[in-house]
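This report describes selected features of a protein structure in formal terms. Please examine the sequence and coordinates shown here before reading on.

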Amino acid sequence: MANKIVIDPITRIEGHMRVEATVENGVITDARSVGTVFRGLEQIVLGKDPRDVPYVTERVCGV
Amino acid sequence: MRAPVDNKEKEIALTKLEMKGVSRRSFIKYCTAAAAWFGLNYYCGNMFVEAATAAVQKKPVIWLQGQGCTGCSCSLLSSINPGVGEVLLDHISMRFNTTIMSSAGEVSAKILEDTLKEGDYLLVVEGSIPTADPRFCMVEGKYFEELLREVSDNAVAVIAAGTCAAYGGIPKAGITGAKGVSEIIDKPVVNIPGCPFNPNWLVGTLLYYLNFNELPALDSEGRPAAYFGNHFVHDTCPRVGYFEKGLFLEDWNNPDTVDWCLLKKGCKRPVTHSDCNRVWFNDGANSCIRAGSPCAGCVQPEFYKDLSPLYASPLAPGEPELVGVTAEQRTVDLPSAALGAGIVAAPIIVNKVAELMKKRKEEVKDGK
């Protein structure tokens with residue numbers, strides 16, 4: 001009997017994460033994890049002064 | 001105004017704080033300093049102490065995270081020694097904060113639901129809200145924008161912590177249409193910008209709210225005037241003396257000029273309002289400019305989009321050079337006209353630089 005487990009939000013991490021797992025007879029047969037936030041930092045630094053890039057990219061994760 | 005505090009409850013709360021390593025003395029000192037910063041009489045410090053102890057483990061706080069980096073949470077939580085502010089906020093019953101709570105998934109969703117039903121909670125938001133497509137930020141399978149509207153409906157006060165939550169910050173420069181909390185919800189919002197913010201700004205504002213049951217005086221950008229609007233980063237800059245003399249750092253590699261004014265390295269302090277240079281970050285360890293970095297203007301609504309490039313000189317090629325009063329002029333002419341000129345010259349130069357920055361911002365907007 002397949003049983004789907006969804007854990008959202010995952011806590012004690014930076015940002016947002018969701019994990020879905022399918023369990024069959026006590027064995028995980030399928031699993032996926034999803035990052036559920038997008039900021040487009042890659043596009044922000046496109047065409048910017050190169051000296052700005054460390055300032056922006058260090059904000060990817062503040063933990 | 002809040003209800004009077006039972007002495008026994010106050011003692012219990014103070015003992016709880018003491019067990020966490022915050023002595024009675026340092027706690028009262030912290031509260032009095034917070035009151036003083038708002039320009040209140042010293043006895044208000046004691047009122048803040050009572051307000052805080054009355055709220056210990058009672059006032060629920062919900063901390064939502066949108067498009068942020070959790071840097072603001074970390075600014076608050078990972079000081080070297082647990083500071084008074086950190087312990088206090090921990091004790092004001094932080095019910096929902098996905099970075100520090102031990103439960104996950106359904107259990108944490110249930111906690112949020114229960115706190116919402118209970119009502120009378122404070123809401124702190126970290127991170128911006130995407131408007132181009134709500135799917136850019138999802139929490140518990142819901143759009144973050146929807147969740148924010150739902151949670152803010154019954155909140156007694158909404159605090160937008162960090163520049164992302166206050167004005168959109170760095171994500172605003174991207175394609176996700178990121179906006180600040182005050183642009184999404186209709187309730188009054190206190191903005192505590194900063195990238196990251198200084199925990200004292202948040203805890204002080206909370207203390208003020210807990211005591212008076214109303215939000216502190218705000219400046220034109222929705223920030224507590226006591227921490228932002230009343231201050232000008234330039235005025236308290238440790239390098240302002242070099243600025244007046246017209247000594248500007250041009251080469252990072254020259255050891256003789258390390259303390260000189262950073263204006264030509266893109267310092268944004270002529271347009272920035274905050275008390276950074278007075279209170280300092282990391283439990284009073286240092287501030288950006290003292291640590292040798294030009295001010296990025298991170299507490300301003302224009303940050304980051306309209307203040308970039310951060311490290312380029314505000315002077316375009318061909319602009320008149322900035323001048324100050326040289327050391328020679330000071331020694332030769334003191335105390336006559338030159339000193340007078342120095343006092344007058346400095347504000348003129350600051351205004352000039354602020355003007356240039358504004359002009360360039362408009363040029364960027366016009367797509368030049």
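D114(B) is partly exposed, with a relative accessible area of 32%. The model under discussion is a predicted one. The side chain of D114(B) meets that of K110(B) in a salt bridge, at 3.2 Å from N to O. Both residues belong to helix α6 of chain B and lie four residues apart, about one turn of the helix. K110(B) is likewise partly exposed, at a relative accessible area of 45%.

**Salt bridges**

Over all chains, the count comes to 17 salt bridges. Three of the pairs in chain B are listed here with the distance between the closest N and O atoms.

| Acidic residue | Basic residue | N to O distance |
|---|---|---|
| D114(B) | K110(B) | 3.2 Å |
| E118(B) | R95(B) | 3.3 Å |
| D219(B) | R223(B) | 3.0 Å |

The pair of E118(B) and R95(B) links two elements: E118(B) lies in helix α6 (residues 105-118) of chain B and R95(B) in strand β2 of chain B, so the salt bridge ties together parts that are 23 residues apart in sequence. R95(B) counts as partly exposed, at 24% relative accessibility.

Are D219(B) and R223(B) buried or exposed? D219(B) counts as buried because its relative accessibility is 16%, under the 20% limit. R223(B) is also buried, with a relative accessible area of 2%. In chain A, salt bridges that share partners join K4(A), D8(A), R18(A) and E20(A) into one network.

**The sheet of chain B**

In chain B, five strands form an open sheet in the order β2-β1-β3-β6-β7, and their pairing is parallel. Strands β2 (94-97) and β7 stand at the edges; each has a single partner strand, so one side of each is left without a neighbour in the sheet. On average, neighbouring strands of this sheet are turned by 20 degrees against each other, direction ignored.

The pairing can be followed along this order. Strand β1 (residues 61-65) of chain B pairs with β2(B) in the parallel sense over three bridges, and the bridge partner of V61(B) in β2(B) is M94(B). Strand β3 (residues 122-126) of chain B pairs with β6(B) in the parallel sense over five bridges; here E126(B) stands opposite A161(B) in β6(B). Four bridges, again in the parallel sense, connect β6(B) with strand β7 (residues 189-192) of chain B. In that pairing, A161(B) stands opposite I192(B) of β7(B).

Which residues of β6(B) point one way, and which the other way? A157(B), I159(B) and A161(B) point one way, V158(B) and A160(B) point the other way, and all are buried. Strand β6 (residues 157-161) of chain B is accordingly described as mostly covered, with five of its five residues buried. At the edge of the sheet, β7(B) is covered on both faces: V189(B) and N191(B) on one side and V190(B) and I192(B) on the other are all buried.

**Helices on the sheet**

Helix α7 (residues 144-153) of chain B lies across β1, β3 and β6 of chain B and runs at about 165 degrees to β1(B). Helix α9 (residues 199-212) of chain B also packs on the sheet, where it touches β1, β3, β6 and β7 of chain B. The direction of α9(B) makes about 150 degrees with that of β7(B).

**Surroundings of Y143(B)**

Y143(B) has its place in strand β5 (residues 142-143) of chain B. The residue is partly exposed, at a relative accessible area of 32%. Leaving aside neighbours within four places in sequence, Y143(B) is in contact with P134(B), R135(B), C137(B) and M138(B). From C-alpha to C-alpha, Y143(B) and D133(B) are 9.5 Å apart in space, while 10 residues apart in sequence.

**Interface of chains A and B**

At the interface, 29 residues of chain A are in contact with 39 residues of chain B. The two chains bury about 2,800 Å² between them, 59% of it on carbon and sulfur atoms. Zero salt bridges are found across the interface of chain A and chain B, whereas the count of residue pairs in polar contact between these chains is 19. On the side of chain A that touches chain B, α1 (41-45) and α2 (53-57) of chain A each supply at least two residues. The most is given by α1(A), with three residues.

Key:
Residues numbered from 1 in each chain as written. Chains lettered and ligands numbered in written order. Predicted model: local features only at pLDDT ≥ 70, side-chain atom pairs only at ≥ 80, totals over all residues. Heavy atoms only, no water. Buried < 20%, exposed > 50% of the residue type's maximum accessible area, 1.4 Å probe, protein only. Pairing = 2+ DSSP bridges. Contact = heavy atoms within 4.5 Å. Axes fitted to C-alpha atoms, helices over the stretch in contact; angles between N-to-C directions. Buried area = accessible area lost by both parts, 1.4 Å probe. Salt bridge = Lys/Arg side-chain N within 4 Å of Asp/Glu carboxyl O. Polar contact = N/O pair within 3.5 Å; in protein donor to acceptor, adjacent residues only side chain to side chain.
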